[in-house]
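Student: I've got the model open and I'd like to practise justifying the labels people put on it. Can we go through a few?

Tutor: Sure, let's have a look.

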Amino acid sequence: MNETFRWWQRGIIYQIYPRSFMDRNGDGIGDLPGIISKLGYLQWLGIDAIWISPIFPSPMADFGYDVADYTDIHPLFGTLADFERLVAEAHRRQLTVILDYVPNHTSDQHPWFSESRSSRDNPKRHWYIWRDAAPGGGPPNNWISVFGGSAWEWDAATRQYYYHAYLKEQPDLNWRHPAVQTAMLDVLRFWLDRGVDGFRIDALRQLIKDDRFRDNPPNPAYRADQGPYHTLLPLYTTDRPEVLDMVARMRHLVDQYDARLLIGELYLPIDRLVTYYGVGGSGVHLPFNFHLILVPWQARQIAALIETYEAALPAEAWPNWVLGNHDQHRLTSRVGLAQARVAAMLLLTLRGTPTLYYGDEIGMRDVAIPPELVQDPWEKNVPGLGLGRDPERTPMQWDSRPNASFTTGIPWLPLAADYPVVNVAVQHDDPTSMLTLYRRLIELRREAPALAVGSYAPIEASGDLLAYIRSHADQRWLVALNLGPQPQRFDARRVEIQGRIVLSTHLDRAGEVVRQTITLRGDEGIIITLG
Ligand code: GLC
């Protein structure tokens with residue numbers, strides 16, 4: 001394959017939620033030795049990079065996204081030595097390792113915050129965002145926490161409020177303070193020196209807040225089922241211009257190392273999202289594009305999204321697509337099992353780096369969590385709206401044995417009831433399973449440069465039909481997807497089509513010759529090699 005492309009341009013990223021992947025010490029929570037024991041599986045699957053959600057010491061108020069020490073490993077997950085073994089073993093298998101970097105906030109148990117809250121004249125006071133009460137009393141302004149309630153927490157001892165974009169146990173760092181920048185860049189250096197290949201930067205759009213602390217305006221489009229955070233437009237709390245200056249500093253540091261990757265978690269409209277590539281490549285390499293998760297599952301809408309995104313990309317910017325993560329309901333629960341196969345084909349044939357979420361490759365579904373077993377603080381704070389994220393974080397389903405062999409103990413979240421039939425072992429050698437489909441798609445993407453790095457040309461988007469061509473050198477591949485349950489006939493009028501089916505989502509039509517008219521069964525997608 002063309003060597004001018006970087007590993008993260010050709011490659012496929014696989015997200016591991018470490019608490020739920022594989023438990024080796026029987027405490028019901030996944031760990032690093034568990035991940036190491038499954039590297040063979042990941043290599044067999046064919047992915048290139050693993051991104052691991054936070055594994056650092058943490059009181060777990062937000063399951064690791066509240067970091068109490070950025071340069072160590074939580075004993076639940078293992079030790080620094082385990083981590084070093086993980087990196088070495090992964091690299092031996094040609095897999096890269098991406099860590100989660102959580103710069104926006106620390107845990108309230110982080111020593112920096114303990115110092116900061118100890119007195120108003122502590123040297124670390126301004127490492128966090130402290131404000132006086134409003135003139136008449138109460139919080140300094142109307143800013144709301146993502147997880148519900150005021151984003152300001154009163155500290156009785158020092159008689160000021162501190163700001164937290166998420167939980168009150170996650171105070172926001174003050175990135176305007178040079179010492180904070182230095183300390184947090186040192187964190188990157190610590191892991192880069194240990195061979196980490198890249199970072200997914202958490203909550204990046206929130207990194208800088210308005211320096212005048214202006215009230216956020218009301219959201220005219222608010223619907224009650226969105227939760228309280230959406231009552232306001234986060235104009236002064238997210239996507240501030242200075243965020244890019246901070247990203248440039250991170251990028252500058254990372255560029256001093258060989259071939260490392262920065263990904264930004266950025267829930268933003270496309271026109272704003274693409275600004276995070278930065279001027280002249282000074283931003284993140286991949287601003288995570290979540291729009292396939294958010295778009296209505298209709299051919300025209302998806303085609304329009306792809307076109308808008310492709311058109312908005314700055315020169316030299318490399319696209320990326322995401323279908324699931326630990327904050328979003330499972331793909332299979334969003335679009336249904338049949339369409340989840342079509343979605344997999346879409347994700348793995350689009351131009352740009354795909355990111356997979358663990359378990360999607362076997363069609364894991366959201367698991368309904370009974371109230372007494374709810375773990376996610378969001379669900380606890382804002383119950384009943386379906387905002388909770390436990391359903392998509394349940395243990396990986398490895399086989400049909402007790403607890404799917406995820407743990408010998410009591411799993412921290414319940415397993416899906418259907419794990420005896422929906423699991424890796426059952427699907428491993430089944431020629432028509434979801435897992436086999438993922439593996440074939442990944443293999444094809446690896447074999448065919450056109451699918452990995454080729455150009456994208458839309459062909460058709462009408463009714464339930466979505467079709468496009470990927471080309472590279474003299475190779476052309478047609479992808480035709482049926483986004484509905486009814487059979488479709490596609491008469492390609494504008495392009496000449498002659499070729500051979502290489503893959504169907506049903507895994508049963510390879511080799512079939514196609515001329516001009518393509519028939520698709522309900523919920524079927526096919527990949528055709530042209531010419
Ligand atoms: C990001 C994470 C999410 C976490 C939040 C606060 O959105 O993906 O899981 O709760 O940041 O760190």
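Student: At roughly what angle do the axes of helix 12 and helix 15 cross?

Tutor: Keep in mind that this is a predicted model. The axes of helix 12 (residues 337-349) and helix 15 (residues 434-447) cross at roughly 15 degrees, and they come within 10 Å.

Student: Why is helix 12 called roughly parallel to helix 15?

Tutor: Set the angle against the cut-off: roughly 15 degrees, while angles under 35 degrees count as roughly parallel. So helix 12 is roughly parallel to helix 15. As for handedness, the crossing of helix 12 and helix 15 is right-handed.

Student: Which residues make the contact?

Tutor: On helix 12, they include Leu 337, Ala 340, Ala 344 and Leu 348. Among those on helix 15 are Met 434, Leu 437, Tyr 438 and Leu 441. Sorted by class, this contact of helix 12 with helix 15 has eleven nonpolar, one polar and two charged residues.

Student: Now helix 6 and helix 7. What makes helix 6 roughly parallel to helix 7?

Tutor: Same recipe. Helix 6 (residues 178-192) and helix 7 (residues 243-254) have axes that cross at roughly 30 degrees and come within 10 Å. The cut-off is under 35 degrees, so helix 6 counts as roughly parallel to helix 7. The crossing of helix 6 and helix 7 is right-handed.

Student: Which residues of helix 6 and helix 7 meet?

Tutor: Gln 181, Leu 185, Leu 188, Arg 189 and Leu 192 of helix 6 meet Met 246, Arg 249, Met 250, Leu 253 and Val 254 of helix 7. By class, that contact of helix 6 with helix 7 comes to seven nonpolar, one polar and two charged residues.

Student: On to the ligand. Which residues come nearest?

Tutor: There are 13 residues around the ligand, and Asp 62, Asp 202, Glu 265, His 326 and Asp 327 come nearest.

Student: What makes the Asp 62 pair a polar contact?

Tutor: An N or O atom in the side chain of Asp 62 is 2.6 Å from a ligand oxygen. A pair of N or O atoms within 3.5 Å qualifies, so this one is a polar contact.

Student: How far are the polar side-chain atoms of Asp 202 and Glu 265 from an oxygen atom of the ligand?

Tutor: For Asp 202, it's 2.8 Å; for Glu 265, it's 2.8 Å.

How values were computed. Residues numbered from 1 in each chain as written. Predicted model: local features only at pLDDT ≥ 70, side-chain atom pairs only at ≥ 80, totals over all residues. Heavy atoms only, no water. Axes fitted to C-alpha atoms, helices over the stretch in contact; angles between N-to-C directions. Helix = DSSP H or I, 4+ residues; strand = E, 2+ residues; numbered from the N terminus. Parallel < 35°, antiparallel > 145°, perpendicular 65-115°, else oblique. Left-handed = near helix turned anticlockwise from the far one by under 90°. Contact = heavy atoms within 4.5 Å. Nonpolar A, V, L, I, M, F, W, Y, C, P; charged D, E, K, R; others polar. Near = heavy atom within 4 Å. Polar contact = N/O pair within 3.5 Å; in protein donor to acceptor, adjacent residues only side chain to side chain.
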